[in-house]
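Thanks, everyone. Please have the sequence and the structure up on your screens, and we'll walk through a few local features.

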Amino acid sequence: MEELIEGVYCFSSLLSSQYLIKDKDELTLIDTGVAGNHRAILRGISSLELAAENLKRILITHADSDHYGALARLLSIAGVQTWTSQPEAEAIIAGHASRDLKGNSVVEKVFVRASGPMMRAAPAAIDRLLMPGETLPILGGLVVIDSRGHTPGHISFFLPEKRVLFSGDSIFRRDGRFIPSYGINCWDEELAVSAMQVQLELAPKIICGGHSVFRLDS
């Protein structure tokens, strides 16, 4: 687990990244990683000399199994709640992704068919539906951002005071430039472009992406 700035930590697993926010003794987790990743998260919490019960809420950016796969196991912790948008909540409750992959070529269609089981995860309960524009009482104010495109209810989170953006799978970087979600696992590429642009206009110093951390202040 890496401390990105004071109070914000990153777990980097094989398939995705998760983020832990420490606000006094209260912890907020953004995304959970794949099934089985709960062990690494609990070890990380212990390394901060805190108990699992300090984890109060889990925020999910979107309902892909590499982002909520460990959620069901983490919900066994007393008092923890899960918050996400309505489209993603409906998928998580059912234990699948919030959109189907789309394949056009023969190769893509084979990939879509083969990856179907990997898009599913254990169903989990959702306690609160989040709306874009809400400011959550976390580390001075965590703003919910509409970042639909990759999935129909994808949301991101922004800490204005610290200029840290948790972008899920709405922003990637290739050859030194930022790119939006695209291709067979992108629900709406036009919305994905707009979502990326809106978030970059926030001028974040650190982008905590779903698979990498990007620092813009160096």
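Start with one residue pair. Valine 143 has phenylalanine 158, in S10, as its bridge partner. Keep in mind that this is a predicted model. Now widen the view to the strands around that pair. S9 covers residues 142–146, and S10 covers residues 155–159. They run antiparallel to each other, paired over four bridges.

Wider again. The sheet is open and has six strands, in the order S8-S9-S10-S11-S14-S15. Its pairing is mixed. Which strands stand at the edges? Strand S8, residues 135–136, and strand S15, residues 213–215. Each has a single partner strand, so one side of each lacks a neighbour in the sheet.

Next, helix H4, residues 86–94. Which of its residues are buried? Glu88, Ala89, Ala91 and Ile92. These four span an arc of only 165° around the axis, which places them on the same side of H4. What do the buried residues pack against? Two helices, H2 (65–68) and H3 (71–74), and two strands, S6 (81–84) and S7 (128–129). After H4 comes glycine 95. Its phi is positive, near 80°.

On to charges. The count is five salt bridges. I'll show three of them, beginning with arginine 57 and glutamate 26, whose side chains meet at 2.9 Å, N to O. Arginine 57 sits in strand S5, residues 55–59, and glutamate 26 in strand S4, residues 26–30, so this pair ties together parts 31 residues apart in sequence. Buried or exposed? Arginine 57 has 11% relative accessibility, under the 20% cut-off, so it counts as buried. Glutamate 26 is at 32%, so it counts as partly exposed.

Second pair: aspartate 64 and arginine 99, a salt bridge at 2.8 Å, N to O. This one also links distant parts of the chain, 35 residues apart. Aspartate 64 is in the loop between S5 and H2. Arginine 99 is in the loop between H4 and helix H5, residues 106–115. Both aspartate 64 and arginine 99 are buried.

Third pair: arginine 128 and glutamate 134. Their side chains form a salt bridge at 2.6 Å, N to O. Arginine 128 has 30% relative accessibility, so it counts as partly exposed.

That's the tour. Questions are welcome.

Note on methods. Residues numbered from 1 in each chain as written. Predicted model: local features only at pLDDT ≥ 70, side-chain atom pairs only at ≥ 80, totals over all residues. Heavy atoms only, no water. Buried < 20%, exposed > 50% of the residue type's maximum accessible area, 1.4 Å probe, protein only. Arc of directions from axis to C-beta. Contact = heavy atoms within 4.5 Å. Salt bridge = Lys/Arg side-chain N within 4 Å of Asp/Glu carboxyl O. Pairing = 2+ DSSP bridges.
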